[in-house]
Amino acid sequence: MTATPNPGRPGAFGPGAFQLVLLRRMADFQPDLAEAARLRLGASHAEQREANRRWQAMVRSPRSRGALARYRSVLGPPESAERRRIGDLECEALLWPVPLWPELRFEVLAAPDGAVWNEWLVRAPGARGPVLETDADLRPWSATVDEVARAFAPARPMEGTAPTRWRLAFTASGRPLVAEFTYGLLQRVQPAEEAGVPGAGVPGA
């Protein structure tokens with residue numbers, strides 16, 4: 001894997017720096033995994049801080065052209081783009097490769113007017129997902145939101161504890177559990193009570 005370009009140089013913010021932003025948020029749950037991934041990218045802590053600073057500046061800039069234009073600018077042309085219907089609404093699903101996770105793609109769902117509805121990591125088309133049968137199979141970074149929801153249906157989506165986070169309440173191995181995700185990738189699984197979710201509120205409990 002090639003090292004990420006120095007995100008502090010003008011115009012150097014690209015896919016490598018974007019991955020550092022993803023890792024910065026995942027480090028809240030999995031610092032060791034995030035640190036190992038940062039080293040694989042060949043980036044320093046200072047480069048990661050600068051990447052995050054620049055990303056936040058782009059997100060908050062009053063001159064921002066919008067989230068979809070920002071992703072195109074940072075990640076380049078998508079690997080694929082297709083129309084998708086969700087209920088009565090039609091949107092465009094755009095996918096970008098993420099070298100840190102070759103079997104995943106960064107997916108952006110955009111409305112016809114360009115507004116971004118959702119942005120997270122999903123399994124790459126044609127890639128084999130994990131076998132999820134018990135709670136022991138739910139290892140950090142092993143699965144996406146959709147995969148856990150399907151494997152342990154019915155699962156109840158819950159509001160995340162911060163932007164870019166999602167939570168699912170479900171029952172596995174006879175226990176009510178709550179899984180937490182960052183950018184759609186599984187970070188940790190807790191007993192429902194430890195997560196502050198009464199077991200009686202979990203589907204199937």
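**Nonpolar cores and a surface patch in a predicted model**

The protein chain exposes about 10400 Å² (Shrake-Rupley method, 1.4 Å probe; for residues, only the protein chains shown count as cover), and carbon and sulfur atoms supply 51% of this area. The model is predicted: local features need pLDDT of at least 70 and side-chain atom pairs count only at pLDDT 80 or more, while totals for chains, interfaces and linings use all residues. Residues are numbered from 1 along each chain as its sequence is written, and side-chain values use heavy atoms, with hydrogens and water left out.

The protein chain has 5 helices and 8 strands (DSSP runs numbered from the N terminus; helices are H or I with at least four residues, strands E with at least two). Of its 205 residues, 44% are buried (under 20% relative accessible area; exposed is over 50% and partly exposed in between, with a 1.4 Å probe and protein chains only).

The largest nonpolar core (buried Ala, Val, Leu, Ile, Met, Phe, Trp, Tyr and Cys residues joined through side-chain atoms within 4.5 Å) holds 31 residues, of which Phe18, Trp101 and Phe106 touch the most other members. The largest share, 7 residues, comes from H1. Beyond four places in sequence, Trp101 touches Leu22, Leu23, Met26, Leu121, Trp141 and Leu185 (heavy atoms within 4.5 Å). Another core, of 16 residues, lies apart and includes Val122 and Phe170.

Trp117 is located in strand E4 (residues 116-123). Trp117 counts as partly exposed because its relative accessibility is 39%.
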